[in-house]
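Student: Could you take me through one part of this model up close? I'd like to look at the sheet and whatever packs around it.

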Amino acid sequence: MHVILLIVAGLVLWPILHVSKRLKDKVICRNCGSIGRTVVISPSNFWVELLLWCSGLLPGVVYTLWCNHAAYNACARCHARDIVPVDSPVGQKLAAEHSTDVTPGVQATRQ
Ligand SMILES: [Zn+2]
């Protein structure tokens, strides 16, 4: 009974706790110059999370909340955190410096 309750609680709470932090706007990476969407980098490990959820509700919730708090947006190409919105003055300057194609999904190249 206890295990079933934990599984049900995990199934209900997991989507709520894993709220996506992904940015909607296009960004340019200061590290590699690529333009595009971001990826969310999280320190979470599925097996650790599963183990903690199975060991009790509180450890699972705490671990999931910590992972969600520690997650960050990064460049989809090099996973650097140093990204700026393309439509910002700094982003436009970087895009001009890298002479990039701003078509969505196209990776930029250095010259
Ligand atoms: Zn990058």
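Tutor: Sure, and keep in mind that this is a predicted model. Let's start with the whole chain: of its 111 residues, 15% are buried. The chain has four helices and five strands, and if you walk along the sequence they come in the pattern α-β-β-β-α-α-β-β-α. Among the contacts with a separation of 6 or more, 69% join residues 24 or more positions apart.

Now for the sheet. It's an open one, built from three strands in the order β2-β1-β5, with antiparallel pairing. The edges are taken by β2 (35-36) and β5 (83-85); each has a single partner strand, so one side of each has no neighbour in the sheet. Zoom in on β1, residues 27-29: β1 pairs with β5 in the antiparallel sense over three bridges. Within that pair, look for Ile28, which sits opposite Val84 of β5. A helix packs on this sheet too: α4, residues 89-98, touches β1, β2 and β5, and its direction makes about 110 degrees with that of β5.

While you're here, have a look at another pair of helices. The axes of α2 (residues 46-55) and α3 (residues 57-70) come within 6 Å of each other and cross at roughly 145 degrees. On the α2 side, the contact uses Val48, Glu49, Leu52, Trp53 and Ser55, while α3 brings in Pro59, Gly60, Tyr63 and Thr64. Sort the residues of this α2 and α3 contact by class and you get five nonpolar, three polar and one charged.

Terms used:
Residues are numbered from 1 along each chain as its sequence is written. This is a predicted model: local features need pLDDT of at least 70, side-chain atom pairs count only at pLDDT 80 or more; totals for chains, interfaces and linings use all residues. Two strands pair if DSSP finds at least two bridges between them. Helices (H or I, at least four residues) and strands (E, at least two) are DSSP runs, numbered from the N terminus. Two residues are in contact if their C-beta atoms, placed from the backbone, lie within 7 Å. Axes are lines fitted to C-alpha atoms, for helices over the stretch in contact, and angles run from 0 to 180 degrees between N-to-C directions. Ala, Val, Leu, Ile, Met, Phe, Trp, Tyr, Cys and Pro count as nonpolar, Asp, Glu, Lys and Arg as charged, and the others, Gly among them, as polar. A residue is buried if 20 or more other C-beta atoms lie within 10 Å of its own, exposed if 12 or fewer, and partly exposed in between; C-beta atoms are placed from the backbone.
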